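Please read the following points beside the sequence and the model. They go from the overall fold to the sheet, the ligand and a few single residues.

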Amino acid sequence: MIRKAEKSDLPAIQRLLSTYFLDIEELKAEDFMLAEGEGKVLGCAALIRDGSSEKEFLEIHSIAVHPNFRGKGIGSRLVNHLISTSVGQDAELYVKTTAPGFFEKLGFVRISDSEKLSLWKDCASCEHLGKCTQHALKYRKSRE
Ligand SMILES: CC(C)(COP(=O)(O)OP(=O)(O)OC[C@H]1O[C@@H](n2cnc3c(N)ncnc32)[C@H](O)[C@@H]1OP(=O)(O)O)[C@@H](O)C(=O)NCCC(=O)NCCS
């Protein structure tokens, strides 16, 4: 089952993310969608929406699936759910990730380093610039 997270889910989300040394950053419970099974949180993914610029900027953050449940389609279901419920026809959805192959299978395409730098201003001043392990990708919803 895929559902929106609630405040009371935060400890379970934090536990899941910490398995992979990911942190919850400044995200709030309402940013997350959860995959749940047998009353347990099996996966999570957050969608951040930044409407401050002319074009809406949407980004997937903090996606993780419980180690015992990886490779069963849960991560794909979470991303597809976010795309079908929260991404409009003209919006582009971005992700910075260490798992680019997973996102490519879902239709995301890699973007150039210059586009990455123009989108994430903090990357330009980052000490890992040039040896960053996070690949940037984008997804555009095609018109049916
Ligand atoms: C990446 C992750 C969220 C994917 O979730 P999942 O439920 O295991 O993925 P799915 O079962 O939906 O996999 C869909 C496809 O992507 C592939 N895939 C999964 N993880 C992958 C990865 N890290 N790299 C490349 N391909 C991957 C699967 O093999 C599968 O391919 P198939 O359709 O040919 O069988 C999960 O493996 C995870 O939690 N990884 C650790 C945390 C992490 O790396 N998060 C991303 C950091 S930004």
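1. Read along the sequence, the protein chain runs β-α-β-β-β-α-β-α-β-α-α-β, which comes to five helices and seven strands. Helices here are DSSP runs of H or I with at least four residues, strands are runs of E with at least two, and both are numbered from the N terminus. This is a predicted model, in which local features need pLDDT of at least 70 and side-chain atom pairs count only at pLDDT 80 or more, while totals for chains, interfaces and linings use all residues. Residues are numbered from 1 along each chain as its sequence is written.

2. On confidence, pLDDT is the predictor's own confidence in each residue, on a scale from 0 to 100. The mean pLDDT of the protein chain is 91, and 96% of its residues reach 70 or more. Confidence is highest in helix 3, at a mean of 98, and lowest in helix 5 (residues 121-124), at a mean of 85. As a general caution, predicted coordinates should not be read in detail where pLDDT is low.

3. As to overall dimensions, the radius of gyration of the protein chain is 15 Å, which agrees with the value near 15 Å that a compact globule of 144 residues would have. That radius is taken over C-alpha atoms, and the globule rule is 2.2 Å times the number of residues to the power 0.38. Along the principal axes, the C-alpha atoms fill a box of roughly 45 × 40 × 30 Å. Of the 144 residues, 25% are buried, where buried stands for 20 or more other C-beta atoms within 10 Å of the residue's own, exposed for 12 or fewer, and partly exposed for values in between, with C-beta atoms placed from the backbone.

4. Among contacts in the protein chain with a separation of 6 or more, 63% join residues 24 or more positions apart. Two residues are in contact here if their C-beta atoms, placed from the backbone, lie within 7 Å.

5. The seven strands form an open sheet in the order 1-2-3-4-5-7-6, with mixed pairing. Its edge strands are strand 1 and strand 6 (109-110), each of which pairs on one side only. Two strands are said to pair if DSSP finds at least two bridges between them.

6. Which strands pair with strand 2 (residues 32-37) in the antiparallel sense? Strand 1 (residues 2-4) does so over three bridges, and the bridge partner of lysine 4 in strand 2 is methionine 33. Strand 3 (residues 40-50) also pairs with strand 2 in the antiparallel sense, over six bridges, with alanine 35 opposite glycine 43. Strand 2 and strand 3 form a hairpin with two residues between them, and glutamate 38 in the turn has a positive phi of about 50 degrees.

7. Elsewhere in the sheet, strand 5 and strand 7 (residues 135-140) pair in the antiparallel sense over six bridges, and valine 95 stands opposite leucine 137 in strand 7.

8. Around the ligand there are 17 residues, the closest being Arg70, Gly75, Ser76, Ala99 and Gly101; a residue counts as near the ligand if its C-beta atom, placed from the backbone, lies within 6 Å of it. Strand 4 (57-65), helix 2 (74-86) and helix 3 each supply at least two residues of this shell. The shell divides into seven nonpolar, seven polar and three charged residues, with Ala, Val, Leu, Ile, Met, Phe, Trp, Tyr, Cys and Pro counted as nonpolar, Asp, Glu, Lys and Arg as charged, and the others, Gly among them, as polar.

9. Alanine 99 lies in the loop between strand 5 (92-97) and helix 3 (100-105), and is partly exposed, with 13 other C-beta atoms within 10 Å. The C-alpha atoms of alanine 99 and threonine 133, 34 residues apart along the chain, are separated by 9.4 Å.

10. Two residues deserve a look at their backbone angles. Serine 62, in strand 4, has a positive phi of about 50 degrees although it is not a glycine, and it counts as buried because 20 C-beta neighbours lie inside 10 Å. Phenylalanine 21, in the loop between helix 1 and strand 2, has a phi near 60 degrees, and it counts as exposed, with 6 C-beta neighbours inside 10 Å.
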